[in-house]
Amino acid sequence: MRKIIHLDMDCFFAAVEMREDPSLVGKPVAVGGSATHRGVISTCNYEARKYGVRSAMATAYAMKLCPHLILRRHSGHLYREASEIVMDICHKYTDLVQSLSMDEAYLDVTDSDLPQGSATLLAQKIRQEIYDATKLTASAGIATNKLLAKLACERNKPNGQFTVSPDKVMEFMTPLPLKKIHGIGKVTADYLSQLGFNTCADILPLTRFELIARLGNMGDWLFDACRGLDDREVITEWERKSLSVETTFSKDLSDPEDMRCALVDLVTELQEGLEEYPEKKVHGLQVKIKYHDFKQTTIERAGMAIDAENAWALHLERWAIDPRPIRLLGVCVRFVSEEESPQLTFDALTAAG
Ligand code: TTP
Ligand code: MG
């Protein structure tokens with residue numbers, strides 16, 4: 001049986017901001033773009049959550065819910081620095097670390113040296129070590145698989161942990177709302193609710209066959225998920241597939257000169273981002289345009305150098321034939337994957353020859 005720890009930092013970006021400025025502690029704080037520039041909340045602390053403020057919410061709306069919300073811009077370098085420390089601590093205890101985002105990871109500690117043989121105690125130790133090194137708190141879930149560990153991590157957040165022991169799996173899962181299960185988004189949860197399925201208890205009486213008949217593949221998966229069954233391994237190799245930057249404008253752009261300036265800024269930002277991946281080969285350049293009516297289009301050219309002139313040329317290729325006001329511009333590169341790369345080099349050589 002595996003021993004998995006799911007580790008997740010508490011209100012990560014906001015916690016870093018509170019650490020940097022202790023006067024924020026106890027007040028509602030969010031990190032994100034400004035309300036007047038159609039900004040979005042990246043995250044907020046637990047005080048702000050009491051007012052209903054949430055990640056991905058428009059900042060303007062968050063300010064309505066909580067007028068005294070203190071808004072901070074991103075301090076990307078501080079978040080990356082803290083994240084690296086956290087991931088390094090995890091790697092001290094196992095090589096099997098799967099980082100899901102900057103602040104979240106699965107650790108397979110089945111073969112690790114555990115204090116008194118206990119993954120629960122190891123999670124406590126790791127959280128303490130994280131706090132000592134970063135002055136930030138983390139929560140943890142401990143269980144026999146990833147699905148249960150992630151759910152358990154939510155249970156005593158913030159700054160807590162919860163262990164689902166093998167004999168308590170059904171007790172833990174049965175009352176659980178389906179929308180809590182990772183993989184069931186809002187749309188799916190609403191659909192299931194319309195069918196009368198709200199918690200695992202509603203699903204458990206059905207056979208696998210009945211669930212497949214009603215819900216297809218999803219039913220097959222749900223049959224296992226509701227029983228806390230999940231055999232996914234902790235995957236250590238996560239390969240970044242692309243890098244992109246984009247901007248939503250506070251006023252839609254109609255003047256091509258404004259668009260050109262925006263693309264120059266975006267490409268500069270993208271180039272800076274690419275410096276973090278010196279070993280990667282890029283496939284080419286992509287420009288994304290979102291029009292004022294939210295219709296979206298992308299233009300991509302393989303082998304194109306990442307510079308502002310090329311981005312502008314790609315942009316014009318599309319905008320010249322559909323010159324409507326623009327709400328958002330983005331630039332993106334896709335990376336050549338490790339397997340793809342020898343082939344592409346060969347192609348490039350023959351093309352050159
Ligand atoms: P989460 O772990 O989802 O959130 P959190 O750490 O802020 O809060 P919790 O205590 O519930 O774990 O995300 C980690 C960080 O990723 C978060 O601090 C900010 C960033 N983020 C975004 O930028 N946009 C998003 O929509 C979400 C969900 C997170
Ligand atoms: Mg978190």
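Trainee: What makes the site of the magnesium ion (ligand 2) octahedral?

Mentor: In this predicted model, the ion has 6 donor atoms, and the angles among them run from 83 to 177 degrees. Six donors count as octahedral if opposite donors are over 155 degrees apart and all others lie between 65 and 115, and the site of the magnesium ion (ligand 2) is accordingly classed as octahedral.

Trainee: How do you know which protein atoms are donors of the magnesium ion (ligand 2)?

Mentor: The cut-off for a donor N, O or S atom is 2.8 Å from a metal such as this one, and the protein donors, D8 (OD), M9 (O) and D103 (OD), lie 2.0 to 2.2 Å from the ion. In sequence, these donor residues follow the spacing D-M-x93-D.

Trainee: What makes M9 and D103 a pair that links distant parts of the chain?

Mentor: M9 belongs to strand β1 (residues 4-9), whereas D103 sits in the loop between β5 (97-101) and β6 (104-108), and the two are 94 residues apart.

Trainee: Why are M9 and D103 called buried or exposed?

Mentor: Buried means under 20% relative accessible area. M9 has a value of 3% and is therefore buried, and D103, at 14%, also counts as buried. For the chain as a whole, buried residues make up 44% of the 353 residues.

Trainee: Why is R38 called buried, exposed or partly exposed?

Mentor: The relative accessible area of R38 is 34%, which falls between the 20% limit for buried and the 50% limit for exposed, so R38 is partly exposed. R38 is found in the loop between β2 (29-32) and β3 (41-44).

Trainee: What makes the backbone of R38 worth a remark?

Mentor: Its phi is positive, at about 55 degrees, although R38 is not a glycine. Most residues other than glycine have a negative phi. N159 is another residue other than glycine with a positive phi, near 50 degrees; N159 lies in the loop between α6 and β8 and, with a relative accessible area of 46%, is partly exposed.

Trainee: How do you know whether the peptide bond from K157 to P158 is cis or trans?

Mentor: Omega of that bond is near -5 degrees, and the bond is cis. Most peptide bonds are trans. P158 is found in the loop between α6 and β8 (161-163).

Trainee: Where does the second largest pocket lie with respect to the domains, and why?

Mentor: The chain is divided into domain 1 (4-9 + 78-167), domain 2 (13-76), domain 3 (174-225) and domain 4 (242-348). Domain 1 and domain 3 both give residues to the lining of the second largest pocket, so the pocket lies between them.

Trainee: What makes up the lining of the second largest pocket?

Mentor: The pocket, with a volume of about 560 Å³, is lined by 22 residues, of which E154, P177, K179, K180 and I181 lie nearest its centre. At least two lining residues come from each of β1, α6 (146-155) and α8 (186-194), and α8 gives the most, with 5 residues. By class, the lining has 9 nonpolar, 4 polar and 9 charged residues.

Trainee: What is the extent of the chain, and how many helices and strands does its secondary structure come to?

Mentor: Taken along the principal axes, the C-alpha atoms fill a box of roughly 65 × 55 × 45 Å, and the secondary structure comes to 14 helices and 12 strands. Within the chain, the C-alpha centres of domain 1 and domain 4 lie 37 Å apart.

Technical notes:
Residues are numbered from 1 along each chain as its sequence is written. Chains are lettered from A and ligands numbered from 1 in the order in which they are written. This is a predicted model: local features need pLDDT of at least 70, side-chain atom pairs count only at pLDDT 80 or more; totals for chains, interfaces and linings use all residues. Side-chain values use heavy atoms; hydrogens and water are left out. Donors are N, O and S atoms within 2.8 Å of the metal (3.2 Å for Na, K and Ca); water is not among the atoms, so sites may look incomplete. Four donors count as tetrahedral if all angles lie between 85 and 135 degrees; four count as square planar and six as octahedral if opposite donors are over 155 degrees apart and all others between 65 and 115; anything else is irregular. Helices (H or I, at least four residues) and strands (E, at least two) are DSSP runs, numbered from the N terminus. Buried means under 20% relative accessible area, exposed over 50%, partly exposed in between (1.4 Å probe, protein chains only). On a 1 Å grid over the protein atoms alone, a cavity is a set of points where a 1.4 Å probe fits but cannot get out, and a pocket is an open set with protein on both sides within 12 Å along at least five of seven lines; lining residues have an atom within 4 Å of a point. Grid points are joined across faces, edges and corners, and a volume is the space filled by probe spheres set on the points. Ala, Val, Leu, Ile, Met, Phe, Trp, Tyr, Cys and Pro count as nonpolar, Asp, Glu, Lys and Arg as charged, and the others, Gly among them, as polar. Domain bounds come from an automatic or database domain assignment.
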